[in-house]
Amino acid sequence: MLHLLNRSLSVALAILWIGGPLFAIDAEAKEVIKTLPRSVSSSLDRNQIPIEAVSVSVIEIEPAYPGKHVSKDILSWRAAEAMNPASTMKILTTLAGLDILGPQYRWRTNIYTDGVIRQGTLKGNLYLQGTGDPKLIPEELAKLMKSLQALGIQKIDGNLFFDRSAYAPSVMEHNTIDGEALRAYNVPPDPLLYAFRTLSFQLSKSRTADFIDISYTPALSRLKVDNQMQLVDRACDNWKSNILFNLDPEASNKTDQLVVAQFSGAFPNTCRDVNYNVVALDANTFLTQGFAAAWELSGGTWRNPPVGKNGNVPLAARLLLQFEGINLADDVLDINKYSNNVMARQVLLTLALEKMGKPATTSNGELVIQSWLKQNGLDFPGLVIENGSGLSRNEAISTEQMNQLLFTARNLPVGNIFYNSLPIAGTDGTMKNRLMAQLRKFLHLKKKPEVRMKTGSLVDVRAISGYVISKSGKMYAVSSFINHPNAWRGLEAHDQLLSWLMEDGPEPKHAR
């Protein structure tokens, strides 16, 4: 334990409010480190990042009595400054979502019809009404198809209509902060989001001949791949730079016509199983062709290839089935491990939908979160929520506030589910390749340090927020933001900060 903050078992607790999380002030721990550890400041200096562009907050979290924890400040550097947190903002969204909705919450996709089932044929249209399931993926859609067939349907004689009334039109607009509309991380929210509206092509040199294999997911009913690429003898580095991709723009607007995905250019013969992800089809075409392909893969048939259009469920339509997706706890795992932006945005909109009704708006989602903060005794001046994912130039929170969230999580029933959703350094998610050398130093220990850390990065922003279990078993909550043009160079400084905590920090005199 840091000698500066050593205290006896008789801790003097000052409860700051009743009914909220248990915060404590330790009378023996009044002095807090106000300068950055030398290894961190040296790294910032080497990478030309001014310390005025950095914020750091570290607290230690200790159990007080069963189910409750107390905290004490360890390090505070510009910790009260509201800054851009990038994807660490997902901590607020997912923690509030878990606590408000419950980890077993499931989204519902309703299927209605205006027709009848006769001799295995549904004569009529299908209406898909979504509530924002962020992980309606091919595996889930296959289950939905089996449920349709269990109703006695083998053939569909009708078209598809998509009811997106759960969301306000404004939240579905495809606005980006970087102009990269075809990139998967920029997919906008959609109450009927299918497979993240992303085509994922798998490219590899064939193992049996000198040509290029191209496959893709999800299956689409009217997509053809035109492979005009040439194999070249070169390293696989920067393989994307020599590939040209084109999707027939005329066909992509007509769901009843073939869509051609054309690849040309050079592909290195050393590449194996690389992924080329693109958002290249409008939402209706993507969902229509995805739904049609899933129905055909399940053994179903169509009288005519379906045409998909927008349309709210008619009053006279009857409910065929209500399909429930995977639970929120599993979704939060994906959101935090892999920093999925559109999934996080849909959690925020789901809070608005469930607590304030439809159509869901971001502003209503923010109101729900602000109410949740207040109920937990948290006052966050300077907090700005634009979409809840951190993919924003406007979102803002302080590292001190972020640590209050991390501390609050330890006192909530969903605390362990939230903790387990964070990427593990050296193991998985966005931290899979981080701190590898540092962690190897502890291989001889029976109980090894652990770093569970949400990461965030934008142009001019680098951020971390999460937990460190030190070599002595102490739990620290740590958050650090860098907002500066050289922020991309800040990974080393953040790794130095995490390494410092794994070692339980230096003696106070060495931290200055």
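The legends below describe an overall view and several close-up views of a predicted model.

Because this is a predicted model, local features are given only where pLDDT is at least 70 and side-chain atom pairs count only at pLDDT 80 or more, whereas totals for chains, interfaces and linings use all residues. Residues are numbered from 1 along each chain as its sequence is written, and side-chain values use heavy atoms, with hydrogens and water left out.

**Figure 1. Overall view of the protein chain, with its 11 helices and 20 strands.** Helices (H or I, at least four residues) and strands (E, at least two) are DSSP runs, numbered from the N terminus. The C-alpha trace spans about 80 × 60 × 40 Å along its principal axes. The radius of gyration is 26 Å, which agrees with the value near 24 Å for a compact globule of 512 residues; the radius is taken over C-alpha atoms, and the globule rule is 2.2 Å times the number of residues to the power 0.38. Of the 512 residues, 57% count as buried, where buried means under 20% relative accessible area, exposed over 50%, and partly exposed in between (1.4 Å probe, protein chains only). Among contacts (heavy atoms within 4.5 Å) with a separation of 6 or more, 73% come from residues 24 or more positions apart.

**Figure 2. Close-up of the disulfide between C236 and C271.** A search of the whole structure finds one disulfide, the term being used for a pair of cysteine sulfur atoms within 2.5 Å. The S to S distance between C236 and C271 is 1.9 Å, and the torsion about their S-S bond is about 110 degrees, so the disulfide is right-handed. C236 lies in the loop between β11 (223-232) and β12 (243-247), and C271 lies in the loop between β13 (259-268) and β14 (274-278), so the pair ties together parts that are 35 residues apart in sequence. C236 counts as partly exposed at 23% relative accessibility, whereas C271 counts as buried at 0%.

**Figure 3. Close-up of the open sheet β4-β5-β7-β15, with L122 in strand β5.** The four strands of this sheet stand in the order given, and their pairing is mixed; two strands pair if DSSP finds at least two bridges between them. At the edges stand β4 (116-118) and β15 (301-302), each with a single partner strand, so one side of each is left without a neighbour in the sheet. Strand β5 (residues 121-123) and strand β7 (residues 155-157) pair in the parallel sense over three bridges, and L122 has I156 as its bridge partner in β7. L122 is buried, with a relative accessible area of 0%. Although L122 and D157 are 35 residues apart in sequence, their C-alpha atoms are 5.9 Å apart in space. Leaving out residues up to four places away in sequence, L122 touches several residues, including T113, V116, I153, D157 and L320.

**Figure 4. Close-up of the largest nonpolar core, around L148.** A nonpolar core is a set of buried Ala, Val, Leu, Ile, Met, Phe, Trp, Tyr and Cys residues joined through side-chain atoms within 4.5 Å. The largest has 47 residues, and those with the most contacts inside it are L126, L148, F201, L203 and F291. Helix α4 (residues 283-297) gives the most to this core, with six residues. Not counting residues up to four places away in sequence, L148 touches I111, L126, I153, F291, W295, L320 and L321. Another core, of 45 residues, lies apart from this one, and L101, W107, L422 and A477 are among its residues.

**Figure 5. Close-up of strand β20 and its two antiparallel pairings, with β1 and with β19.** Strand β20 (residues 475-483) is mostly covered, since eight of its nine residues are buried. Strand β1 (residues 54-65) pairs with β20 over eight bridges in the antiparallel sense, and I59 has A477 as its bridge partner in β20. Strand β19 (residues 461-469) pairs with β20 over nine bridges, also in the antiparallel sense, and here I469 has M475 as its bridge partner. The hairpin of β19 and β20 has five residues between the strands, and in this hairpin G473 takes a positive phi near 95 degrees.

**Figure 6. Close-up of S421 in helix α9 (residues 415-421).** S421 counts as buried, at 1% relative accessibility. Leaving aside neighbours within four places in sequence, S421 is in contact with V332, L333, N336 and K337.
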